[in-house]
Amino acid sequence: MSEVLYYHHGRFQLAGGVLPNAITAYRTYGNPKNPCILFPTCYGGRLDNRGLMGQDYMIGEDKVLNPSKYYIVTVALFSNGESSSPSNTPAPYNGPHFPHVSYEDNIRAQHALLTKGLGIEKLFCVIGVSMGGQQAYHWAAMYPDFVERFVAICSAARTNDLSRAFQEGFKAAFVCSKDFDNGYYKTRPEIAMHAFSRAIGPWIYSQAWFAQKGYLHDGMVSSMENFMCGAWDAGFLPWDANDLLVLMRTWGQGDISLVNGGNGDLAQCLANVKAKGLIMPCKTDLFFPPEENIKEVASMRGNGRLALIDSIWGHMSEL
């Protein structure tokens, strides 16, 4: 089993300030002589497989990321609790004082890890789901000669207005809870965490999934409350509230048309992408609806291919 490793950047500029000793957590699988695939975490993803979801579910001899064929690097977003985060950074940058982090910050840090830390000269592919997929888009936009192809599952090149509106509700679950204390909590804010898990959980699935009582899992779960406790609460409660808020702000401001001094023209930005892109939306995803991806692929001048996931599992169809 691969262990979690840590790359130390030293002083590192973020969108919201400077960290004196930024750290990127990562794991590797396979032979470094093989083509390299980067697999970054999503919202709720951890390399150590704690909490909501792990990062090795696609990795295995019988899976799409085969370590006998590829050199696979999984990498943790800033603020996931493993890379530099509000929960693990010493004062004065801990807790609510942790700087804002952009996707661009994460990609620059990952590029340093790959090139300086691991000696990688070219990425065969970047693959990611949700926020991981948005990192894949950013890789293609920021380092067009370094990335040969990318796969974005249940994701988008730009976070849409509806997703940002969702996030305001999710944030309110934290900041309006009496034990959150503006991020200065001394013990785990259980009320805030429960409120957040119940706020975000329903949007992960589709209306059809709820109508068909998918939460009962073919009789394995007794009720919706039982499902919410076992899935949402159990997944999010181990997390740190400030970590989740910083991640959410990164997600909310995702837009590849603004990287490298871009002017916000998403169609032109996508037209300039050199890497081949496989874009895989789910037709019932509420966070990243497929209509956006259809427009994206049309702008990619033959470099993009759309593969629609026909599922009622919504955003969770990525798994």
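Let me start with proline 90, which at 61% relative accessibility counts as exposed, where exposed means over 50% relative accessible area, buried means under 20%, and partly exposed is what falls in between, with a 1.4 Å probe and protein chains only. Proline 90 sits in the loop between β4 and α1, and its C-alpha is 21 Å in space from the C-alpha of leucine 47, the two residues being 43 apart in sequence. Before going on, I should say that this is a predicted model, in which local features need pLDDT of at least 70 and side-chain atom pairs count only at pLDDT 80 or more, while totals for chains, interfaces and linings use all residues. Residues are numbered from 1 along each chain as its sequence is written, and side-chain values use heavy atoms, with hydrogens and water left out. As for the element names, helices (H or I, at least four residues) and strands (E, at least two) are DSSP runs, numbered from the N terminus.

The loop between β4 and α1 also holds proline 92, and the peptide bond that leads into proline 92 from alanine 91 is cis, with omega near 15°. For background, most peptide bonds are trans, and most residues other than glycine have a negative phi. With that in mind, look at the loop between α3 (161-175) and α4 (190-200), where aspartate 181 is placed and where asparagine 182 lies as well. Aspartate 181 has a positive phi, near 55°, without being a glycine, and asparagine 182, again not a glycine, has a positive phi of about 55°. In accessibility, aspartate 181 is partly exposed at 45% relative accessible area, whereas asparagine 182, at 58%, is exposed.

Let me turn to the sheet. What is the order of its strands? It is an open sheet of 8 strands in the order β1-β2-β4-β3-β5-β6-β7-β8, with mixed pairing, and two strands are said to pair if DSSP finds at least two bridges between them. β1 (5-14) and β8 (304-306) are at the edges with a single partner strand each, so one side of each has no neighbour in the sheet. From one strand to the next, the twist averages 20°; axes here are lines fitted to C-alpha atoms, for helices over the stretch in contact, and angles run from 0 to 180 degrees between N-to-C directions.

Strand β2 (residues 17-29) runs antiparallel to β4, joined to it by 4 bridges, and tyrosine 29 has isoleucine 72 in β4 as its bridge partner. Helix α2 packs on this sheet and touches β3, β5, β6 and β7 (276-280), its direction making about 150° with that of β5; contact, throughout, means heavy atoms within 4.5 Å. Helix α9 (residues 290-299) packs on the sheet too, touching β7 and β8, and its direction makes about 150° with that of β8.

Now to strand β5 (residues 125-129), and the matter of whether its residues are buried or exposed. The strand is mostly covered, with 5 of its 5 residues buried. Cys125, Ile127 and Val129 point one way and Val126 and Gly128 the other; in a regular strand the side chains alternate between the two faces of the sheet. On one pairing, β5 runs parallel to strand β3 (residues 36-40), with 2 bridges between them, and isoleucine 37 has cysteine 125 as its bridge partner. β5 also pairs in the parallel sense with strand β6 (residues 149-153), over 4 bridges, with glycine 128 opposite alanine 152. The chain passes from β5 through α2 to β6 in a right-handed β-α-β crossover, right-handed meaning that, with the strands pointing away from the viewer, the path from the first strand over the helix to the second runs clockwise.

Finally, the helix pair. Helix α1 (residues 103-117) and helix α2 (residues 131-142) pack at about 70°, with their axes 10 Å apart. That makes α1 roughly perpendicular to α2, given that angles of 65 to 115 degrees count as roughly perpendicular, those under 35 as roughly parallel, those over 145 as roughly antiparallel, and the rest as oblique. Among the residues of α1 that meet α2 are Tyr103, Ile107 and Leu114, and on the α2 side the contact includes Met131, His138 and Trp139.
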